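Work through the exercises below with the model open. Try each task before reading its solution.

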Amino acid sequence: MLHNCLQSITSSRNDIGHFEQLDFSFNKLTQIPKLSYLYELSDYDLSHNNIETVSKTDFDITKDVKFLNLSHNHLRSLPRDVLNDLYWLRELDLSRNFISDLPENFIDENKKFEKFHMSYNELTKLPKFIFSRSNKLEVINLSHNRIKHVDLTFGSHSTLKVLRLDSNDIIEFNIDGYEFQNNPKIILSHNNIFHVNLTQIHFDLSYNPFVCDCKLNKFVKYLKRSQTELIFHDENYICSSPSNLNGTSLVSIDENLSCNYSKNCPKSCHCTIDDIDNIAFVSIDCANSNLTHFPNIASYGSSSVDIQLDLSRNAISSLPSKSHPMWTRIKKLDLSHNRIDSLENMTDLSILTTLYLNDNSFREFDPRQLQVGRVKLANNPIDDNLSCNYSKNCPKSCHCTIDDIDNIAFVSIDCANSNLTHFPNIASYGSSSVDIQLDLSRNAISSLPSKSHPMWTRIKKLDLSHNRIDSLENMTDLSILTTLYLNDNSFREFDPRQLQVGRVKLANNPWECNCEMSKLVLKSSSIEDKNRMTC
């Protein structure tokens, strides 16, 4: 009797009493028909009508029905006892209605219940124990609703095979009762789940906006370990944040993820930990924070906690005292790009495993002070056997070295961190083939020498990084230059012809970009730091 535009139906005892199936779908029924004596009815289809309400009495004469389809109607609520007399009910389809709530004991009396379809409704929550007494339930479809929180309990002998909760608004979920007989597939894809701490291969959590921090570490490790056993595609497990991991597949993450941690974090620093509940690793990032002294480093509990401190690119000129508690807490210390010139207070390094001291002002050190696993010392004016100090013609406040007293081929003039506001006077060292390297980094120089300055015909490597220069107007003859560092100044524009040297650094300037400049930068093979250039 489908597709007849029926608005109501009546019957007598002899009309349909022996029918096993009734299909009233695709009509215009506004209520369930009042029929008599349907004592053999098994399959009852009332889908695609306009039914707005149901009650327990609607099924008084259909108590033996096994398959009831009320999908695609206008139902908005369900009485708690509406199914109480349908003892033999095996499958119920209520999908595509407007139901916003399910009664707590809604299906308690339906002991044969196997399949429950509730997709495409308006559900926002689920009673915790709604399925706890339905041990024969095999398929539950609650997809495409508006559920935000899931906290469900299943019976200890549940035969569940599939639970669909996909395409909801779920933020968090908890499903108790893992003594399932069939190891069910629990589909939670296309929700708003940020974190998960599951190690169950039957959960599908694909297409969720995962926040990839330390709360996800256990799950990431589980995914990587169980790739061959997963019943769902792991390539759809993607980070949505933080921004540096956006779009990254969880199984491609090789390092432990970290969480922001503000407790005991020094001012102007950013701290992260590896585990909220059991801290084993703390990273304290104070790089580029304009520090002139060491921050106060708190204790983070056990001495086994791995504390890593990054103080790079500051203006620190001295180390804490020998008795400072930092020396007994830090395992990895990055002091690169500072102004430190002495390691006198660095005596107890027994706990240190990594120490970065490159790009400072060290001239000498005691090798015993650096007996740690990993050390960086480059770009310090350390005296060694490969060069000799050379004071003759050395500019004031600078340190000069040469490669050979008798036959100079190389001169290094280090004037970094010398509080200079102008170029020093650079003397001639004989033959034009002498390789003169001039380091004027980390000063306060704001202008270049005149175009006719003899420096332009003598210097092969020039480091002007970390100054205040805003114009290259006087830099016209660069034929002899092989290396030029102009990063961390005040440049806004430049003439590409002025940068036709082998190696150039330009990052961290307030560039005013245009199409021509962008093309130049992208095509250039000489700009070493173009990936760090911003407009």
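The exercises go from the whole chain to the sheet and then to the disulfides of this predicted model.

**Exercise 1. Take stock of the chain.**
How many helices and strands are there in the protein chain, and what share of its residues count as buried?

Solution.
- Step 1: Count the elements. The protein chain has three helices and 27 strands.
- Step 2: Check burial. Of its 535 residues, 47% count as buried.
- Step 3: Look at the surface. The chain exposes about 27,300 Å², and carbon and sulfur atoms supply 44% of that area.
- Step 4: Turn to contacts with a separation of 6 or more. Residues 24 or more positions apart account for 38% of them.

**Exercise 2. Trace the open sheet.**
What is the strand order of the open sheet, and which strands stand at the edges?

Solution.
- Step 1: Read the order. Nine strands run 1-2-3-4-5-6-8-10-11, with parallel pairing.
- Step 2: Find the edges. Strand 1 (21-23) and strand 11 (203-204) each have a single partner strand, so one side of each is left without a neighbour in the sheet.
- Step 3: Recall the chemistry. Strands of a sheet pair through backbone hydrogen bonds.
- Step 4: Zoom in on one pair. Strand 3 (residues 67-69) and strand 4 (residues 91-93) pair in the parallel sense over three bridges. Asn69 has Asp93 of strand 4 as its bridge partner.

**Exercise 3. Follow one disulfide.**
Which parts does the pair Cys214 and Cys259 tie together?

Solution.
- Step 1: Confirm the bond. The sulfur atoms of Cys214 and Cys259 are 2.0 Å apart, and the two residues form a disulfide. The structure holds six disulfides.
- Step 2: Place both ends. Cys214 lies in the loop between strand 12 (210-211) and helix 2 (217-225), and Cys259 lies in strand 14 (residues 259-260), so the link joins parts that are 45 residues apart in sequence.
- Step 3: Read the hand. The angle about the S-S bond is -105°, a left-handed link.
- Step 4: Check cover. Cys214 and Cys259 are both buried.

**Exercise 4. Assign the hand of two further links.**
Are the links Cys265 to Cys271 and Cys269 to Cys286 left-handed or right-handed?

Solution.
- Step 1: Take Cys265 and Cys271. Their sulfur atoms are 2.1 Å apart. With 90° about the S-S bond, this link is right-handed.
- Step 2: Take Cys269 and Cys286. Their sulfur atoms are 2.0 Å apart. The angle here is 110°, again right-handed.

**Exercise 5. Classify three cysteines.**
Are Cys269, Cys286 and Cys515 buried or exposed?

Solution.
- Step 1: Set the cut-offs. Buried means under 20% relative accessible area, and exposed means over 50%.
- Step 2: Apply them. Cys269 has 16%, so Cys269 is buried. Cys286 has 0%, so Cys286 is buried. Cys515 has 62%, so Cys515 is exposed.

Definitions and conventions. Residues numbered from 1 in each chain as written. Predicted model: local features only at pLDDT ≥ 70, side-chain atom pairs only at ≥ 80, totals over all residues. Heavy atoms only, no water. Helix = DSSP H or I, 4+ residues; strand = E, 2+ residues; numbered from the N terminus. Buried < 20%, exposed > 50% of the residue type's maximum accessible area, 1.4 Å probe, protein only. Contact = heavy atoms within 4.5 Å. Areas by Shrake-Rupley, 256 points an atom, 1.4 Å probe, with all protein chains shown as cover. Pairing = 2+ DSSP bridges. Disulfide = S-S within 2.5 Å.
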